[in-house]
Amino acid sequence: VCSEEVSVENRLRRCLSVPLITKWSGITLYHLDDLPFGTKCMHLPHVFTQASFRKTVEGNLSVRDCVPAPDALLPLPASITDSGEIPSVINLCSEGTYTVDPRSVLPFRGGETEGRKRIVHYLWNTDAIQSYKETRNGLVGADYSSKFSPWLSHGNISSRWIYHQIKQYEEERVENISTYWLIFELLWRDYFRFVALQNGTALFHSGGVQGRHVQWKTNTALQRAWISGATGFPFVDANMRELASTGFMSNRGRQNVASFLTKDLMLDWRIGAEWFESQLIDHDPCSNYGNWNYAAGIGNDPRQDRHFNVIKQAKTYDHDGKFVYTWIKELRGMDPAHVHTPFQAPQSALIDASVSLGETYPYPVIHQLNGGRINISKYTHRGKSEPFQGPKWMKRGEIPNTQAGHKGRSQADQKSGRKARSTSKRVQGTWNTNAS
């Protein structure tokens with residue numbers, strides 16, 4: 001639905017001697033033709049939450065069945081005597097071969113067969129889906145999250161097929177808040193595609209879908225530090241190095257590096273979106289640019305001031321430093337108490353770890369976070385915070401019935417929901433790849 005991709009389709013259509021017919025098909029969980037939001041989703045709600053888009057589709061629509069594969073394909077026309085060969089991945093790579101980084105969360109391999117193997121592994125072989133909600137904010141390892149997004153973004157598998165696999169799993173094994181949460185993330189993926197359809201090229205403008213005027217800074221040195229993973233903030237740097245080395249970054253990492261770029265460095269969000277587009281193996285223009293709009297406060301987030309404190313986040317989600325140790329070898333000698341804040345560490349700790357700030361590892365590129373509200377030299381994170389486990393209705397274990405006709409929350413929860421959301425101080429949200 002995005003302009004560049006549609007332009008490619010149109011150019012191809014003009015070059016072909018036969019009609020090129022494109023259909024919406026199974027690209028989304030809920031079919032475009034089933035939505036009640038008008039032509040090109042012109043009346044799509046501007047907020048995803050339970051009271052708007054999500055409640056509408058979960059309460060009134062059903063997910064269509066998958067279209068079965070044909071038993072056999074028709075033969076090629078007799079006029080085609082040489083159909084050629086399908087090139088291998090190695091032939092398509094500009095540099096010939098590619099070596100998988102051993103630190104990668106998965107040795108991702110493309111294609112429908114590999115995508116289905118991953119789903120079978122995550123659901124049926126390991127039952128990892130049963131704890132998805134509790135583990136999805138992990139940083140190290142193969143099964144802290146589903147990792148379905150690369151195959152989804154390339155069209156190897158569909159959201160709809162995954163949905164029906166989960167429903168089968170719920171019938172045969174377990175239905176819990178985690179199985180629902182994975183469907184919930186697939187719905188977020190739908191939403192960003194519909195947002196792109198509704199807003200057209202506004203999704204790519206400086207002010208995003210809101211059309212806000214933001215005075216983004218221009219600073220090439222800061223931009224390079226962010227891209228290369230040399231900001232002096234280990235949690236940010238580790239995530240950026242993982243991206244450059246593997247083409248993948250966790251959900252938690254994407255939220256933090258995006259917030260850091262836009263809310264701390266105050267650089268144009270499009271720098272980040274374009275860098276992600278060039279690096280991610282699971283890049284999807286709707287999800288990527290929709291999420292960057294969201295992170296920059298110019299998209300479909302009702303809270304424009306949402307900010308991730310990268311120090312607090314690091315000590316919450318990587319409290320033992322395992323993730324930073326994996327990607328920043330310069331800091332492997334630091335103890336967990338100081339690995340996320342080497343700029344606060346006593347000189348003796350730096351010497352013991354063979355760390356020399358400004359030489360072996362950079363000084364922080366900025367000294368204040370969140371527009372000057374947080375001074376990093378004085379900031380103290382008191383204890384380990386509990387990782388975010390979703391909004392209150394999720395914490396209570398309420399599983400909405402996703403069949404048409406169900407209205408989602410209880411009446412009491414509907415009455416208290418608005419107040420709970422407006423008074424919550426907790427950073428919420430997710431980078432909706434899905435499913436990362």
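Here is a friendly note on salt bridges in this predicted model.

1. A word on the ground rules. Residues are numbered from 1 along each chain as its sequence is written, and side-chain values use heavy atoms, leaving out hydrogens and water. As this is a predicted model, local features need pLDDT of at least 70 and side-chain atom pairs count only at pLDDT 80 or more, while totals for chains, interfaces and linings use all residues.

2. Searching the whole structure gives 15 salt bridges (a side-chain nitrogen of Lys or Arg within 4 Å of a carboxyl oxygen of Asp or Glu). Three of them are worth a look with the model open.

3. Start with Asp127 and Arg173, whose closest N and O atoms are 2.9 Å apart. Asp127 sits in the loop between helix H4 (112-125) and helix H5 (132-135), and Arg173 in the loop between helix H7 (159-172) and helix H8 (177-199), so this salt bridge ties together parts 46 residues apart in sequence. Helices here are DSSP runs of H or I with at least four residues, numbered from the N terminus. Asp127 is partly exposed, at 27% relative accessible area, and Arg173 is partly exposed at 40% (buried is under 20%, exposed over 50%, partly exposed in between, with a 1.4 Å probe and protein chains only).

4. Next, Asp284 pairs with Arg193 at 2.8 Å between the closest N and O atoms. Asp284 lies in the loop between helix H12 (269-279) and helix H13 (285-296) and Arg193 in helix H8, so the pair links parts 91 residues apart in sequence. Both Asp284 and Arg193 are buried.

5. Finally, Arg303 and Asp305 form a salt bridge with closest N and O atoms 3.6 Å apart. Arg303 is partly exposed, with a relative accessible area of 26%, whereas Asp305 is exposed at 56%.

Terms used: Helices (H or I, at least four residues) and strands (E, at least two) are DSSP runs, numbered from the N terminus.
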